[in-house]
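Here are a few notes to help you find your way around this one. Have the structure open while you read, and take the points in order.

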Amino acid sequence: IIQQPMSYDNLTQRLTVEAAQFIQRNTETPFLLVLSYLHVHTALFSSKDFAGKSKHGVYGDAVEEMDWSVGQILNLLDELRLANDTLIYFTSDQGAHVEEVSSKGEIHGGSNGIYKGGKANNWEGGIRVPGILRWPRVIQAG
């Protein structure tokens, strides 16, 4: 536990720092790091460094902050020369929450592209999730 009660103000930065410290403590041994962001679940949030910056509203702000954090971790793996031997698996737990609308009428959900439905239903948009695997020494890029 790194903070009680939890605050969203700098949660992503704190998770990123904790993840980076964990990686640095385990550079000599195999490790499993599961980094589960609250982005982009509702209620949407982002720190002051990202709030109001995206042209896609609060949803875009949250995505950009999560992207920043993932970039920090990938950069650290490069710096420590661990990137080629580390499996990175980036995924979601369900499709986008396409029906989410704020009290101001802003659409806060993501997009499931061509797939019908979204979070909390069994249409393809709810059960298909993105998955990106990166393991340079094992999986060929592309």
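1. Let's begin with one side chain. The side chain of Thr16 comes within 2.7 Å of the backbone oxygen of Thr12. Keep in mind as you look that this is a predicted model.

2. Where does Thr16 sit? Look in helix α1, which covers residues 11-25. Leaving aside residues up to four places away in sequence, Thr16 touches Trp68, Ser69, Gln72 and Ile73.

3. Is Thr16 buried or exposed? Its relative accessible area is 6%, and buried means under 20%, so Thr16 counts as buried. For the chain as a whole, 29% of the 142 residues count as buried.

4. Now zoom out to the secondary structure. The chain has three helices and two strands, and reading along the sequence you meet them in the pattern α-α-β-α-β. If you want a feel for the dimensions, the C-alpha atoms fill a box of roughly 50 × 35 × 25 Å, taken along the principal axes.

5. Contacts across the sequence deserve a look too. Take the contacts in the chain with a separation of 6 or more: 53% of them come from residues 24 or more positions apart.

6. Next, the domains. The chain is divided into domain 1, made of 11-28 + 47-83, and domain 2, which runs over 87-141. Notice that domain 1 is written as two segments. Taken over C-alpha atoms, the centres of domain 1 and domain 2 are 19 Å apart. Eight residues from domain 1 and seven residues from domain 2 take part in the contact.

7. How much area do domain 1 and domain 2 bury between them? The figure is about 640 Å², and 69% of it lies on carbon and sulfur atoms. In case that kind of number is new to you, the size of an interface is often given as the accessible area lost when the parts come together.

8. What about salt bridges and polar contacts here? Across the interface of domain 1 and domain 2, the rule finds one salt bridge. On the polar side, the rule finds zero residue pairs in polar contact across this interface, with both residues required to be at pLDDT 80 or more. The side of domain 1 that touches domain 2 has seven nonpolar residues, no polar ones and one charged residue.

9. One salt bridge to look up by name: Arg134 pairs with Asp78, and their closest N and O atoms are 3.9 Å apart. The cut-off for a salt bridge is within 4 Å, so have a look at that pair yourself.

Definitions and conventions: Residues are numbered from 1 along each chain as its sequence is written. This is a predicted model: local features need pLDDT of at least 70, side-chain atom pairs count only at pLDDT 80 or more; totals for chains, interfaces and linings use all residues. Side-chain values use heavy atoms; hydrogens and water are left out. Domain bounds come from an automatic or database domain assignment. Contact means heavy atoms within 4.5 Å. Buried area is the accessible area (1.4 Å probe) that two parts lose on being put together, summed over both. A salt bridge is a side-chain nitrogen of Lys or Arg within 4 Å of a carboxyl oxygen of Asp or Glu. A polar contact is a pair of N or O atoms within 3.5 Å; within protein, one must be able to donate a hydrogen and the other to accept it, and residues adjacent in sequence count only if both atoms are side-chain atoms. Ala, Val, Leu, Ile, Met, Phe, Trp, Tyr, Cys and Pro count as nonpolar, Asp, Glu, Lys and Arg as charged, and the others, Gly among them, as polar. Helices (H or I, at least four residues) and strands (E, at least two) are DSSP runs, numbered from the N terminus. Buried means under 20% relative accessible area, exposed over 50%, partly exposed in between (1.4 Å probe, protein chains only).
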